[in-house]
Structure formats: structure tokens, C-alpha cells
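Please look through the model below at your own pace. The paragraphs after it lead from one local feature to another.

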Amino acid sequence: MNARVDPPAEVRTTCPYCGVGCGIVARAGQEGVEIAGDPAHPANFGKLCSKGSALGETLGLEGRLLYPMLRDASGAMHRVSWDEALARTADGFRNIIRQHGPDSAAFYLSGQLLTEDYYAANKLMKGFIGSGNVDTNSRLCMASSVAGHRRAFGSDTVPGNYEDLDEADLIVLVGSNAAWCHPILFQRIVKNRERGAKVVVIDPRRTATAEEADLFLPIAPGMDTALFSGLLVYLADHRALDRAFIESHTDGFDAALSRAREIAPDIAAVSRAAKLAEEDIVKFFALFWAKEKSVTCYSQGVNQSAQGTDKVNAIINCHLATGRIGKPGAGPFSLTGQPNAMGGREAGGLANQLAAHMYFSPQEVDRVRRFWSAPKIAEREGLKAVQMFEAIGRGEVKALWIMATNPAVSLPRAGAALDALRELELLVISENVASNDTLSAGAHVLLPAAAWGEKDGTVTNSERRISRQRAFLPLPGDAKPDWRIVSQVAARMGFAEAFSYRTAADVFREHAALSAFENDGARDFDLGGLTKITDAEFDALEPAQWPVRGNGEGRPRFFAEGEFFTANKKAKFVVPENPALRSAASADYPFTLNTGRVRDQWHTMTRSGKSPRLAAHLPEPFVEIHPSDAERHSLRDGGFARLMTPYGGCVLKVAVSEGQQPGSLFAPIHWSAATASSARVGALVNPAADPFSGQPELKATPAAIFPVEFSQRGFLLSREPVSLPAESWWAKVVLKRGFGYLLAADFGTETWRGFMRRIFGVADAAEYVDEPGGVYRAAVFANGQLKACLFIGPRSAVPQWSGVKALFESAEIGEAERRMLLSGRAPNGAAPGPTVCACFGVGLNSIRDAITARKAVSVEEIGKLLRAGTNCGSCLPELKKIVETAAG
């Protein structure tokens, strides 16, 4: 909930998290804004995942950047007017460009931006500054799909839509933990499976998604190209090809098949390369052969690879060879990571794009030059993300504007990226948070940007559906929309006429007009039917799939009858060049590190980390390891390990899991220096990039792991953020009405006693000290409320915070609760335990109690009794395991 305004009675908008693009209804509630799924939106039909459901908890102004700031000569930041901040930004860029040329400047954008924001920023840099140096954090999540689409189709076109997941007879999920990362779509897949569809999951890890699979293939890291090359050979050998489609609508089949035979000549070769059982490979290949309605969904496990583009094309090759593309229930389908990665692609937000799905051919450059009246337009590609930050490190890029992203956490070799930022002559950051790792680099200018709920514009989801993000909160402080900030800087740089937008609708109309300019169906992206919509029509715009041409109608699918966007209208079979991993393990680094997301967090947690509900599921950064590897390296579940790669190191909690392959490790990407003492996993990641897409290898970094022992474990609860003693390990968790810190250290009890007295005082405090046993517990009170509490104990008896947290989060604490507080027990034994269902806050203890009392003994009965698993369904695999364990 958020009580900072009186919101409108009801506003329809779009979720700011993943690329599913769920519709949301924001309503006025008793305590502020209430969030619900939009039943009319075709992406989700009223369903929301745990993250979307908790958006109301993230709307407060705590930690917001509300006013423009400038850094003075001493390095201190101070508040200034917009005029001062805009002048400093415009003058800084203009002077550096004048001295060093346009390629000395760059913009680094984000899939969190609206399409209108992207359009304005891209137009300024490529059209009027004259450099191609605009890239986006979307480079880290879907650039390989873009490159694969273009190589095969001649355009970055998603052929199908979400309805294909309802209609398919076979759904193959490759490198996608959709149960956690795209849960609303995954529940559609599960429903289709209940109707008889088959589901195959291909992933090095046994994730929650695999629990719903008819066939799980634990492929060796990086070997997707080998597997799908083997599938192409199998289809050819079993005469399962659509020869008519191949001959009429494609080129290059013979060369692609010949290369596939070199990579994977038979099932045995596929088995050796992919480390899969031959019988499982045959099962998969036979299913694909038999099921004409086949959809292959792929996500970051395919894209985030130095061979990502070849993987994408190996998948597409199989669909082209069988003619299974653009038909109901059939086609390759990229599940996009961010809410507007697609919109950024449409607007030209990648360095190798110009604008509106046009690139840098002389004809396209000339066309956009004339449309924008931009004589200085960029005529060649700019620097992709990894290249851009390397160029900053070399001093070649001297001025950078970062918008809505946190590269000091998310980029590979994130520590090097942070060091590079500190060397810039001009660093401008548009943000809505006042503190993150990137801001610690020392920006020269901070510009307060509108956040979700305050923004107004459009986003495009994974199925090419454009939806409105509508504002339902007023702009706080001096915050402005990003498109307006960019336009005002452009005006001060001398380009006022080209950036005279009054509203987001003005920007959208121009974006639509460029997409239709000299198009006549020759380009896939076309919004010609929306170029003349009024402001009122823009406000009321319903979700629509592009292209939306002059007749105003969208198009659900592409390519069933060919008509690809190549010169001869034929798709291209692509010959894979890189079928295997480049980054092999070594004696010094014997493991392969895979990185990714957890269920209830998002990117670097600057939004999702504000929700107590979301923080409760997996509150600590961890590294997942197979039991045999854990035993060999003296690691124990719940202990700690130092994870090292050639690029950096961190200390993480150990999670021993059968779902992890021997020789492989998994660590989530979300934690940063703001939320943990030593867990910035991006700093460890391999910077090698795909040669076609520029997407870095985030799934296979050589790594080593070593045990770390702490003699003490515990937790701290505080109403305000605190700085922990140096040398302690900690992870910060937001709670209702405060903050929690999960701790590990090697201090004596006196160190902790001194810490509590120094930070919180002793005016009204209670303590329990057992020096020989290494136990220290303290509680500090103020005005009848628990102000702070610290529990420290030996690692052999780790204090559990569930009961104390329940007391801390209550409005007041009575005398009875105060007396029992240091026991660690909850009032009336009411601690719910670790969170299982974040949507409804259902804990493990509550579920176990219901099973023990025979009130609910199945997943369905638990849903009816406690509501767990009845919203997004992302906790259903965990619920099933709890029920199975209880049943013995």
C-alpha cells in the first residue's frame, strides 16, 4: 500500500516487470493504491505474479531521488534548479563533443523506459549529436534473439503470440525457468498440458519449470546448438521436413543441414556433446516430429551466451524446416525479459539499429535523415554495451548519460564498469532512486525521473502487443518523464524545433509516423494506423499487436505463407559457426558459473527490494551446488562459500541442490553493495560477447569455490537502515515498518554489545549475554515500540527470526510480548515460517500445520484453505514438494 496521494478511482496500466506485459488495474484503497490484474488485458486476463501483486508496496517515496543535483568541486552533491541541471548537462555534452567528436559521447538506456523515452533519447544521439552510441541493458537479455531473427527473417519479427501456447500440442522450453520468470505465461502452458499438450524442458538446472515437464533434458551448459542441430538431422533422416515450404519460402537449407551433420551426425554424437541420455534425446526428437503444433520458447539460457545467436538460429532452423512458423500453435518464441525491451527495439535503442526497425544501410540512413531533418545523423553502428564500457575505461568515451539502469551491478565485470564510470569527464544519471551502486561512481549530474505509476506512455510485450502505461500518481518533487528531460536538454543544445513535444502522445505519433514513412509493407514494423490519433484516443488506446497499418487492424502472426523481410522474401537457414562453449573450466577454475533470477525479485532490486512480501521468500544471496561437489569441497547446506572467477569474487550462502549439475554453480544476479556485503555477482561474470549480437556470456563463467567459516550467525531488526561492523557478512531485507539484516561474523559478544549501545543507546533496553556460549541478544524500545533487536549465536544454533520478526512488524508490543521477546518465540506460537506463497504471504509453518491437522492434504486443498498457489502459481512446484515430503 502507499498513502502519499489520493489516487484516481481506477486506472488501467501495464506491469513494469517482465516482458509478458500484464495489464494492471490501480485502484484507490483505504490505505492508498491497490493493485489488481486487468481482466480485460489479453496478456494476463486478470492474473498477476507475486511481483506484480506486490507493486503497491513499492510506491512510497522513501529513497527516491526527487530533485536535480550537481556535484561541486569538493565532490559533494547539492540540490539545484532544473535550469542549472539542464544547462550543465547540455553544456557538458556540447563541449566534450566539440573537443573530441560525437563518438566521445554515449547514452546507456534501459528496458524499463517507455517507448517515448527511448525514441527521444535515440533521436537526440543518433539524429542530432550524430553518433550511434546508444545502447541499452536489453543488450544483456535479448540481443541474440534480435540478431537471430534478422539473420533468418530479414527483420526482428516475433512470428507468433501467446495464444500459440494455448493451442500447441508440444511446448519446448529452452533455457527458460518460466515458472519463476514468466509465471503468468507458464500457467497457460500448465493449463494446456492438463488438456493433453506435452511439455519438454531443456535446461542445465532442474528448476521449478522442470517439475511440470513430461520430459526434462539436463543439457550440458552451452550445448543447445548441438542439440537442435541433431534435431534438424533427425527430422531430415525421418522425412519430417516440409519440402514445399523449404523450396518456396527459404534459402540455404542444404548448407545448414550439412553443417548440422558435422556438429551432430547422429544421436550418439548429440549424447556426447550435450551429456544427455540417448533415449531421452530420441524421446524429444520423436515428440517434435510427431507434434505438428510445436512451439519452442526460449529465454535467457539461450540468449545470454557467447554463442547465443547461433543457438537462436539452430532453433529457428528446425521450425523453418518443418514449416512450423506463423501458424496457430506453432513457431519459435522468444520470451523477453524486460517490460519494454521490445519497445526499445522498435524505437532504435540498440547501437546496431537506427530507428523503427531500420538499420544503417545508406537508403535507411537517408530515409531517417529526411524524416527527422537531421543532417548530422549517425551513419554507422555505435558501441554495444560491453564495448561501450570498455571504451569508457580506455578514455575514448568521455561523456555518458545513463537512464533507468544500474550497470555497476548488472554488467559483466561490474567492478571494472564501476571503475570506468569514475573516470568520465561527464556522467549524467537519470534515476528515480537516490542511492544505488552506479550512483556511487560519483555522477556529475543527477536528474530525478518519473517512476512507474507516474509515467505515461507505451510499452511493447513479447508478442508485439503495445499497451499503455498510464499515470495514477502525481509527479513527486521535481521529477519529470525521461522523454521530457531529454527534449529539454536537446533544446538547450540547439535542437528545440526537433524536440518540441508537449505530451507523450506527441512523441508516440512521431514514432508511429516514422514507422510508416516510405514503408508500404516493405518493413515489418508499421504503426501507420496510429499516426493521427488524438490525445484522447491515445489516452484510451487499447492493447494492440503491431503492425497496425492504415486500416487500424493488428496482425497476430507472421510468415505462415512466407513473405519474409529479406530481399527475395525468403527466410535464410543459418549455418551455425559456434556450436560449443568457448569458456571451458580449468584446473584453477574447475566449475562453470551460471547466473540468473529468483522467483520474487527483479534485476538489482531497486523496486522489488522495497516489498516486504517479496523479500520473504529467498532473503539471502546464495550459490547453488550439487551435493557431490559440496562434499568434495567441504561445503554444507546453509554454510558459506567464497565464489571466485578470473574477474572477481564474493561470499554467498551455500544451497546444496540435486537440481544443480555436478561441475556447475548457480548464483542469482539481484544483490548489490546496497543490499549485501559481498554478493555483486555481476562482478564475477565473463565479459566475452556473442560476435553477432554483442550479448555477453552470463551463463558460463569459469569459477572456483571455497568454504568460508563464520563462528557466529544471527540477525538484526531496525526501524532505520544501519551500517554493520566491518568484516561482518550481511544481507539487507526490507520488512514491514523497518529493515532486517541477516548476519554472520567472528566477533566476541562484547563487539556486538558495543555496536548496539553505539547505534541505539541503552535508555530502554533489554539484554541477554552468554559469553562462553557465544550468545548475545538485545532489544531496544522507544515509546512502547520495539526500536531494534539483535540476536547473535554460534553457528551450531543459528537464531531464527520468524517469531521475533512477527513482533517487530506489529504496531505495538505489550508487556507480555516484551518479556518473551529475547526467547525468540512468537506470540501464541504464531510465526508463519519461511514464505512459500508471496502473493498471499503464506509461510511454510502454516502449510505444514494444515497438513499435520489434516485440514489440507493436497495442493488443491491447501489452495482452498490458505489461498497459496491460487494466484500466479509460481509457488506450486514448491507446494507439491511440501505435500510429497509430508506424505512420506
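Phe-93 is a convenient place to begin in this predicted model, and with a relative accessibility of 1% this residue counts as buried, because anything under 20% is classed that way. A search of the whole structure finds 35 aromatic pairs. In one of them, the ring centres of Phe-93 and Trp-401 lie 6.2 Å apart with their planes at 35°, so this pair is described as tilted. The two partners come from distant parts of the chain, since Phe-93 belongs to helix α2 (residues 82-100) while Trp-401 belongs to strand β14 (residues 399-403), and 308 residues separate them. Trp-401 is buried as well, its relative accessible area being 0%. Trp-401 also pairs with Phe-107, this time edge-to-face, with 5.4 Å from centre to centre and 80° between the planes. This pair, too, links distant parts of the chain, with Phe-107 in strand β6 (residues 105-109) and Trp-401 in strand β14, 294 residues apart. Phe-107 is itself buried, at a relative accessible area of 1%.

Elsewhere, ring pairs join Phe-153, Phe-245, Phe-525, Trp-546, Phe-558, Phe-559, Phe-564 and Phe-565 into a cluster. Two members of this cluster deserve a closer look for their backbone. The peptide bond that leads from Trp-546 to Pro-547 is cis, with omega near 5°, and Pro-547 lies in the loop between β19 (544-545) and β20 (571-572). Phe-559 is placed in the loop between β19 and β20, where its phi is near 80°, a positive value in a residue other than glycine. Phe-559 is buried, with a relative accessible area of 0%.

Another positive phi, of about 50°, is found at Arg-413, although this residue is not a glycine. Arg-413 sits in the loop between α18 (407-410) and α19 (414-421), and at 36% relative accessibility it counts as partly exposed.

The next stop is helix α11 (residues 267-274), in which Ile-267, Ala-269, Val-270, Ser-271 and Ala-274 are buried. The elements that cover these buried residues include α8 (224-237) and α12 (278-290). At the start of α11, a side-chain oxygen of Asp-266 comes to within 3.3 Å of the backbone nitrogen of Ala-268, and the helix is followed by Lys-275, whose phi is positive, near 60°.

What surrounds Gln-353, and is this residue buried or exposed? Gln-353 lies in the loop between α15 (341-347) and α16 (362-372), and it is buried, with a relative accessible area of 0%. Leaving aside residues up to four places away in sequence, Gln-353 touches Lys-126, Val-146, Gly-344, Arg-345, Gly-348, Met-358, Tyr-359 and Phe-360. For one of these neighbours there is a polar detail, as the side chain of Gln-353 reaches the backbone oxygen of Arg-345 at 3.4 Å.

Finally, the second largest pocket holds about 1,200 Å³ of space. Its lining is made of 40 residues, and those nearest its centre are Glu-62, Gly-609, Lys-610, Val-734 and Phe-739. At least two lining residues come from each of α23 (612-615), β28 (729-735) and β29 (738-745), and β28 gives the largest share, with 4 residues. By character, the lining of this pocket divides into 17 nonpolar, 13 polar and 10 charged residues.

Notes. Residues numbered from 1 in each chain as written. Predicted model: local features only at pLDDT ≥ 70, side-chain atom pairs only at ≥ 80, totals over all residues. Heavy atoms only, no water. Buried < 20%, exposed > 50% of the residue type's maximum accessible area, 1.4 Å probe, protein only. Polar contact = N/O pair within 3.5 Å; in protein donor to acceptor, adjacent residues only side chain to side chain. Contact = heavy atoms within 4.5 Å. 1 Å grid on protein atoms, 1.4 Å probe; cavity = no way out; pocket = protein on both sides within 12 Å on 5 of 7 lines; lining within 4 Å. Points joined across faces, edges and corners; volume = space filled by probe spheres on them. Nonpolar A, V, L, I, M, F, W, Y, C, P; charged D, E, K, R; others polar. Phe/Tyr/Trp six-rings, centres within 6.5 Å; stacked < 30°, edge-to-face > 60°.
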